[in-house]
Amino acid sequence: MTTSADIGTPMELMSLMQGVWAAKTVAVAHEIGVFEHLSDGQPMALAELARLCDIAHRPAEAVVTTCTALGLLEFDGGECRLTPVAAEYLVEGKPYYFGPAVALFDHHYAGWMRLGRAIRDNRPSTWDDEATETIFDQDDSTFKQRFWQGMYAMSSFTTREMARAHDFSGVRRILDVGGGVGAHDIELCRHYPELRATVYDLALVCEMTQKRIAEEGLADRVSVHPGDFFKDETLPGGHDAVLFSMILHDWSERDNRMLLGKAFAALPSGGTVMVAELLVDDDRTGPLPAALMDVAMVANTREGRNYTAGEYQEWMRQVGFTDVRTVRFDAPAANGLVLGTRP
């Protein structure tokens, strides 16, 4: 017989329901400069931090207390300082600065407050899909800037972990389909000196990508190829690997089969297709980050879904790939790399 002691208390539910409180507090702390003002590593009095952030004592105390409880600040004797994780990832200028991702998530929270509508109507709630064809067609320059910066922040660290989990040394030239501002390619080229990469994305994205690539000193190894992977009949050739990183979850099963078919056609014999995603378990019981991203696809896309490794493997086999396999790792934007070889 199950007893109340076996069941436990509602505290776990309370913690879940307060999740948005924690996320918004961190986002606001980032926005008002809490982490930047403490970036020199020296303790700072709460009153001085409040002054620099241009907020009153009461909200400053609430934000500092919460960020301390969340493990981002240390607060002792009325003085604040960053914890190692905040110092490493929430201070601008650090190699894997995660602040833009925090800002991107924060930008979407208003739409998440309408998640009930998205679930009931099976249509996105973070943008008006009746007014524009895609989320990027909306006249919102702030969102576009936050999106690309946020994706770079999540993608760079994710690609670092992917490069540690899988040996890319056999790849000489990789095509990054929907590669955005080139985070995957920049990171992979840092790890593999012989690698050359092509970012294949919309023309307006490639303009930003070229600038970022030049800033990173990789213009001689990373190129751009403007295009539209739905409208173009073929993917650019001349590569021995095709990467879809955090791309296929945006689209339907039908679209994904088509894109994998284009990758098959573009690759030479022995070439590799790679799909990096937050993979849902095959029994669809988790893990939590992938499951939450599955809900995010309902809020953010018309037909997107977080798929399982088994689904990607099946589609790869159906279009002709062999030696299909999955490499697992743990990172913010992906937890696995599904690979297939063109015979």
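**Exercise 1: A ring cluster.** Find which residues are linked with Y89 by ring pairs, and which charged end sits over the ring of Y96.

*Solution.* Start with the rule: rings of Phe, Tyr and Trp (its six-membered ring) pair if their centres lie within 6.5 Å, and planes under 30 degrees apart count as stacked, over 60 as edge-to-face and the rest as tilted. Ring pairs join Y89 with Y96 and F157 in a cluster. Next, look for a charge over a ring (NZ of Lys or CZ of Arg within 6 Å of the ring centre and within 35 degrees of the ring normal). The charged end of R160 sits over the Y96 ring, 5.0 Å from its centre.

Before you go on, note that this is a predicted model, where local features need pLDDT of at least 70 and side-chain atom pairs count only at pLDDT 80 or more, while totals for chains, interfaces and linings use all residues. Residues are numbered from 1 along each chain as its sequence is written, and side-chain values use heavy atoms, leaving out hydrogens and water.

**Exercise 2: Two rings in a helix.** Describe how Y312 and W315 pair, and say whether they are buried or exposed.

*Solution.* Count the aromatic pairs to begin: there are 11. One of them is F147 with W148, edge-to-face at 4.8 Å centre to centre and 85° between the planes. Now turn to Y312 and W315, whose pair is also edge-to-face: the centres are 5.4 Å apart and the planes make 80°. These two residues are 3 apart in helix α15 (residues 309-319), so about one helical turn separates them. Helices here are DSSP runs (H or I, at least four residues; strands are E, at least two), numbered from the N terminus. Finally, check the cover: buried means under 20% relative accessible area, exposed over 50%, partly exposed in between (1.4 Å probe, protein chains only). Both Y312 and W315 are buried.

**Exercise 3: A salt bridge along a helix.** Work out where R190 and E187 lie and how accessible each one is.

*Solution.* A salt bridge needs a side-chain nitrogen of Lys or Arg within 4 Å of a carboxyl oxygen of Asp or Glu. The side chains of R190 and E187 meet this way at 3.3 Å, N to O. In helix α11 (residues 183-191) they are 3 residues apart, so about one helical turn lies between them. R190 is partly exposed at 45% relative accessibility, whereas E187 is buried at 2%. The whole structure holds 16 salt bridges.
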